[in-house]
Amino acid sequence: MEYVDLHTHSTASDGTETPEALVRAAAACGLKAVALTDHDTAAGLDEAEAAGHACGIRVVRGCELAARTPYGEAHILGLWLPRDLGRLGSALEALREKRALRNMRMVEKLCGLGLDISCEEVLREAGEGSVGRPHMAAVLVRKGYAHSVREAFARYLGYGGAAFVEREVLEPAQAVQLLCEAGATAVLAHPCLLPCPRDWLEGFVRELAGAGLTGLEAYHSEHDAAQTRQCVELAGKYGLELSGGSDFHGGNKPGIRLGVGRGGLRVPAFVLERLLARRARLGLPA
């Protein structure tokens, strides 16, 4: 059986592998297709596609958007992004500007706690990619303020941490509509990671389906078997397709490998084929 991975991240956002290296690694481990879905950016997609052509693996152009809910952030993947992003491109740019402001405020809070850290150090850590909390965490670890990235998030950068700053994100239906307007396929990522009641999640899925949502990411590194079944049932109830991916971030999420997540994840290629068939029925290009 052939397999795919439709949720990965590169150095274009908060992963540690370049888009080219990520795609080459996906080909080397025998995947039929890989989607690059970096946060709030399409910056790595051309590089990823070129690598896919060179090593014979299908690359799906994607991104990941965050959206506000009463239970924290929901994440929505856009698959098959066009090169001309239209209004979505403007929205991504605005989100990156808000992210930059949030980063600055978090660094200011860290300094206020007596930690010697600067925005310039965090920028150097990120290199060419979009700057985020993993880069702050790496600086904190290197300077001895935390023993690990996990500890840096727990003490300082994660929700409830001493330097945490809430970020400005989209409304859920707005995120779905922006993706659909651009011609992308909108997929609710790892639905069962939202710490919400089951009936609330069902209502949320129903609402997003009405806004144009196409699929649910049933297969994910942090979904257990019961959560996967829940997603499969919800997808069937609301006429949605299934999707799946490792949520690979390289060294920023140790233990999660391309295609297999934490060891047991397998996303069969028919998942990709059904998403493609839905796009064909809607008259959308592959």
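Lys-143 is partly exposed, with a relative accessible area of 31%. In this predicted model, the side chain of Lys-143 meets Glu-121 in a salt bridge, and their closest N and O atoms are 2.9 Å apart. The two residues come from distant parts of the chain, 22 residues apart: Glu-121 belongs to helix H4 (residues 119-126), while Lys-143 sits in the loop between helix H5 (133-142) and helix H6 (149-157). Glu-121 has a relative accessible area of 13%, so this partner counts as buried. Side chains of opposite charge can pair when their charged atoms come close.

That pair is a good way into the wider set of charged contacts. How many salt bridges does a search of the whole structure find? The search gives 21. One of them joins the side chains of Lys-32 and Glu-273, at 3.0 Å from N to O. Lys-32 lies in the loop between helix H1 (19-28) and strand S2, and Glu-273 lies in helix H10 (residues 269-281), so this salt bridge ties together parts that are 241 residues apart in sequence. Lys-32 has a relative accessibility of 31% and therefore counts as partly exposed. Glu-273, at 36%, is partly exposed as well.

Now follow the chain to Asp-40, a residue that appears in several parts of this story. Asp-40 makes a salt bridge with Arg-99, with 2.8 Å between the closest N and O atoms. Asp-40 is in the loop between S2 and helix H2 (45-55), and Arg-99 is in helix H3 (residues 87-112), so the pair ties together parts that are 59 residues apart in sequence. Are these two partners buried or exposed? Both Asp-40 and Arg-99 are buried. For Asp-40 the relative accessibility is 3%, and buried means under 20%, so the label follows. The contacts also reach beyond this pair: salt bridges that share partners join Asp-40, Glu-73, Arg-99 and Arg-167 into one network.

The backbone of Asp-40 deserves a look too. Asp-40 has a positive phi of about 60 degrees, although it is not a glycine. Trp-80 also has a positive phi, of about 65 degrees, and is not a glycine either. You will find Trp-80 in the loop between S4 and H3. With a relative accessible area of 7%, Trp-80 is buried.

Let us turn to the strands. Eight of them form an open sheet with mixed pairing, in the order S7-S6-S5-S4-S3-S2-S1-S8. Which strands stand at the edges? They are S7 (241-245) and S8 (267-268); each has a single partner strand, so one side of each is left without a neighbour in the sheet. Elsewhere in the sheet, strand S2 (residues 33-36) and strand S3 (residues 58-69) run parallel and are joined by 4 bridges. Val-34 stands opposite Val-59 in S3.

A helix comes next. Helix H8 (residues 198-211) lies across S3, strand S4 (72-79), strand S5 (185-188) and strand S6 (215-220). Relative to S5, helix H8 runs at about 175 degrees.

Helix H8 also brings us to the aromatic rings, where the count comes to 3 aromatic pairs. In one of them, the ring centres of Tyr-71 and Trp-200 are 5.0 Å apart and the planes stand at 70 degrees, so the pair is edge-to-face. Tyr-71 is in the loop between S3 and S4 and Trp-200 is in helix H8, so this contact links distant parts of the chain, 129 residues apart. Tyr-71 is partly exposed, with a relative accessible area of 31%, and Trp-200 is partly exposed at 23%. Together with Phe-204, these two residues form one aromatic cluster.

Tyr-159 and Phe-164 make another edge-to-face pair, with ring centres 5.5 Å apart and planes at 75 degrees. Which of these two is exposed, and which is buried? Tyr-159 is exposed, at 72% relative accessibility, whereas Phe-164 is buried, with a relative accessible area of 16%.

One last ring has a charged partner. Arg-266 lies over the face of Tyr-3, at 4.6 Å from the ring centre.

Conventions:
Residues are numbered from 1 along each chain as its sequence is written. This is a predicted model: local features need pLDDT of at least 70, side-chain atom pairs count only at pLDDT 80 or more; totals for chains, interfaces and linings use all residues. Side-chain values use heavy atoms; hydrogens and water are left out. Two strands pair if DSSP finds at least two bridges between them. Contact means heavy atoms within 4.5 Å. Axes are lines fitted to C-alpha atoms, for helices over the stretch in contact, and angles run from 0 to 180 degrees between N-to-C directions. A salt bridge is a side-chain nitrogen of Lys or Arg within 4 Å of a carboxyl oxygen of Asp or Glu. Buried means under 20% relative accessible area, exposed over 50%, partly exposed in between (1.4 Å probe, protein chains only). Rings of Phe, Tyr and Trp (its six-membered ring) pair if their centres lie within 6.5 Å; planes under 30 degrees apart count as stacked, over 60 as edge-to-face and the rest as tilted. A charge sits over a ring if NZ of Lys or CZ of Arg is within 6 Å of the ring centre and within 35 degrees of the ring normal.
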